[in-house]
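Me: I'm new to this structure and would like a close look at one part of it. Pick a spot, then walk me onward from there in plain words.

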Amino acid sequence: MSPRGGALGGGGLGRASGMSETSRMGSGRVFPALPAHPDPEAPFAASWWGNAWIGALEESALDQGRLARGRAYAREGAVDTITVAPGRIVAYVHGSRPRPYRAEIRLRTMLPDHWDRFLDAVATDPAHIAALLDKDMPHALADAAARADVPLLPGARELAPSCTCPDRGHPCKHAAALAYQTARLLDADPFVLLLLRGGEEQDLLDELSRRNAHKAAAEQQPAPPAPDTSRGPTLPGTLARDALATEYRPAPPPPQAPPAHPGEPPVLPSLPGAPDPTSLEFLVTDAAARAHAFLTTGADPFTAASPWHDAVRLAACHPGLTGRRTFSRPFAELARSVGRTPADLSRAAAAWRQGGEEGLAVLETPWDPPAGPFDRARGSLAGADLPRMTIHRNTLTNAEASLQIRYGRDGRWYPYRSEPGAEDWWPEGEADVDVVGALTAVLGA
């Protein structure tokens, strides 16, 4: 494979498929519609990566007939612009009806530990290092990933297709067409697979360069000097200050390894005038879980911008506390402890589940986005034949005032719903870097 231009998060030139330059969209990439592939006798994929992807698709499919119809759709060029982002591939696919369907394929992203093992495996082979730094992906990398127990290629049943069409096949013909066209993207640029698994290409290349430089520096370190044997063997001895010490203190034992799981809270009695034991057990459980995370990962889970933020995190992370119109007593007490109503806390918890602290900021703090993706959003919605939206600061609202999309400072779109005209906006659905995806997910729900 020859070197290619561009980075995973930005533009690049396709080769085998004749694709034009891609454009950046959030943390993903947007590919223009691929040309038709009309020869039914020609193999659909031309590269090792493309054929490996098709193999995973065909192992996951429950209906070979739908696969065949999807392959025919893809050969006819029925798949429109394709967006590839961490964990998903999305495109509109033209079928038998005038309005296209929105097809999506999801794939689990790799964990940080997977990426660490993958880069360690690459760094042990100079040929792999040279290939990746030259923007090339030899298929031997798949073997290296397998030896490191890293899920680079999708396994059987790992591809999760969905579509807005009424067919509930796994996959339907529209999602199958999108999967086959993805194989052609991999023909042109196998780095698309790394993006789908959650890896930004430039970040991975930077980290690989750092590890390569560290390895080279370690190899160039001079060997330690040989021990001087001219003076004969060294006799064991004791320092004078240790020999004359009047008090002996043994060295402390090494710290114990953290347990595999957080401990359980003690059973607390209910006493007159004492705090509620249920609330105390809840707080002890939360503190133990955060302490265990700190010991095992090194990440500090104890920072919170304010008591309000910490209360919202507690309400969002513990399903037993959540509510919208009816609230448990612990939930109401948690809201009262930070001077808010249970409804305020419930709405904020829903925003936190959408996007953590950034989701809460979107709920509470309107702002004025700079020119760019926000200005192009209404054109994208109009192009997808979605409701016309009006602009106010960082929000787009439909004419009935029942749907709203809010643009966050992290570049994602946060969907909201309200009863028409009630101005009672509640976060609903998942945040998405694609404004069309964010809105259609709520409409579909």
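**From one loop to the helix packing**

Reply: Let's start with aspartate 385, which sits in the loop between helix H14 (373-383) and strand E7 (389-392). Helices (H or I, at least four residues) and strands (E, at least two) are DSSP runs, numbered from the N terminus. Aspartate 385 isn't a glycine, yet its phi is positive, at about 60°. Keep in mind that this is a predicted model, where local features need pLDDT of at least 70, side-chain atom pairs count only at pLDDT 80 or more, and totals for chains, interfaces and linings use all residues. Residues are numbered from 1 along each chain as its sequence is written, and side-chain values use heavy atoms, with hydrogens and water left out.

Another loop worth a look holds proline 171, between strand E6 (160-163) and H6. The peptide bond leading from histidine 170 into proline 171 is cis, with omega near -5°. Both His170 and Pro171 also help line the largest cavity, along with Leu57, Ser60, Ala61, Ile105, Leu159 and Pro161. A cavity is a set of points on a 1 Å grid over the protein atoms alone where a 1.4 Å probe fits but cannot get out, and lining residues have an atom within 4 Å of a point. This one holds about 60 Å³ of space, where volume is the space filled by probe spheres set on the points, joined across faces, edges and corners. Its lining counts 6 nonpolar, 2 polar and no charged residues; Ala, Val, Leu, Ile, Met, Phe, Trp, Tyr, Cys and Pro are nonpolar, Asp, Glu, Lys and Arg charged, and the others, Gly among them, polar.

Now to H6 itself (residues 173-188), which packs against H2 (residues 64-75) at about 60°, axes 7 Å apart. That angle makes H2 oblique to H6; under 35 degrees counts as roughly parallel, over 145 as roughly antiparallel, 65 to 115 as roughly perpendicular and the rest as oblique. Axes are lines fitted to C-alpha atoms, for helices over the stretch in contact, and angles run from 0 to 180 degrees between N-to-C directions. Among the residues in contact (heavy atoms within 4.5 Å) are Arg66 and Tyr73 of H2 and Lys173 and Tyr180 of H6. By class, that contact divides into 6 nonpolar, 3 polar and 4 charged.

Elsewhere, H11 (residues 307-317) and H13 (residues 342-364) cross at roughly 110°, their axes coming within 8 Å. That makes H11 roughly perpendicular to H13. Their contact has 10 nonpolar, 1 polar and 5 charged residues.

Technical notes
1 Å grid on protein atoms, 1.4 Å probe; cavity = no way out; pocket = protein on both sides within 12 Å on 5 of 7 lines; lining within 4 Å.
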